[in-house]
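Okay, everyone, thanks for coming. I'll put the structure up and then walk you through a few spots in it.

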Amino acid sequence: MNHALPQVGRPTRTFSQLLSSTRRGARLARLLAGTELRSWGAPQELTERAELVVAELAANAVLHGLVPGRCFRLTLAYDPAAGRLRVEVTDARGEVYPQPPPADTEPEALHSGGRGLLLVTALTDHWDCVPHPPGGKTVRAELHGTTS
């Protein structure tokens, strides 16, 4: 008996890399994300937004998630058929979760921080933070490509 086989789309592309919890590691995360997305043929607009999101999340992992001697992990998962990218940055410090400032916060009130998460909120379709056992956390951001 002949059965129609479901169409199989292009598989989801994934990338994961452990990076040093240093400014250099954060910069490398941004460069690696852009290089991977371009090699996968991701749209330029999505790649540019992703580079900025990765830069902010990696900088936060280095600045706020630092545990001496521990690295942070960058993970990308791209579904070309859906035009959807998930960015995950995992650090070793799970007792402090990022909290974006309220949407109505005036920019002048952000003198001590919080601008990066406002940028992540503006550039992503959704982001959240989940525990990463045994003691870390993962900040996840989802970006959708624009449709023409």
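**Strands and a ring pair**

In the hairpin of β2 and β3, four residues sit between the strands, and Gly83 there has a positive phi near 65°. One thing to keep in mind: what you're looking at is a predicted model.

So, the strands themselves. β2 covers residues 72-79 and β3 covers 84-91; they pair antiparallel, with seven bridges. If you want one pairing to click on, take Ala77, whose bridge partner in β3 is Arg86. Then move across to β5, residues 136-144, which runs antiparallel to β3 and is joined to it by eight bridges. On that side, Glu88 has Arg140 in β5 as its bridge partner.

Back to β2 for Thr75, which sits in that strand. What does Thr75 touch, leaving aside neighbours within four places in sequence? The list is Phe15, Ser16, Arg86, Val87 and Glu88. With Ser16 there's also a side-chain to side-chain polar contact, at 3.2 Å.

Now the aromatics. How many aromatic pairs does the structure hold? Just one. The rings belong to Trp40 and Tyr78, with centres 6.3 Å apart and planes at 0°, so this pair counts as stacked. Trp40 is in the loop between α1 (23-39) and α2 (44-64), while Tyr78 is in β2, so the pair ties together parts 38 residues apart in sequence.

And are those two buried or exposed? Trp40 has 8% relative accessibility, so it's buried. Tyr78 is buried as well, at 4%.

That's my tour, happy to click around.

Note on methods: Residues are numbered from 1 along each chain as its sequence is written. This is a predicted model: local features need pLDDT of at least 70, side-chain atom pairs count only at pLDDT 80 or more; totals for chains, interfaces and linings use all residues. Side-chain values use heavy atoms; hydrogens and water are left out. Helices (H or I, at least four residues) and strands (E, at least two) are DSSP runs, numbered from the N terminus. A polar contact is a pair of N or O atoms within 3.5 Å; within protein, one must be able to donate a hydrogen and the other to accept it, and residues adjacent in sequence count only if both atoms are side-chain atoms. Contact means heavy atoms within 4.5 Å. Two strands pair if DSSP finds at least two bridges between them. Rings of Phe, Tyr and Trp (its six-membered ring) pair if their centres lie within 6.5 Å; planes under 30 degrees apart count as stacked, over 60 as edge-to-face and the rest as tilted. Buried means under 20% relative accessible area, exposed over 50%, partly exposed in between (1.4 Å probe, protein chains only).
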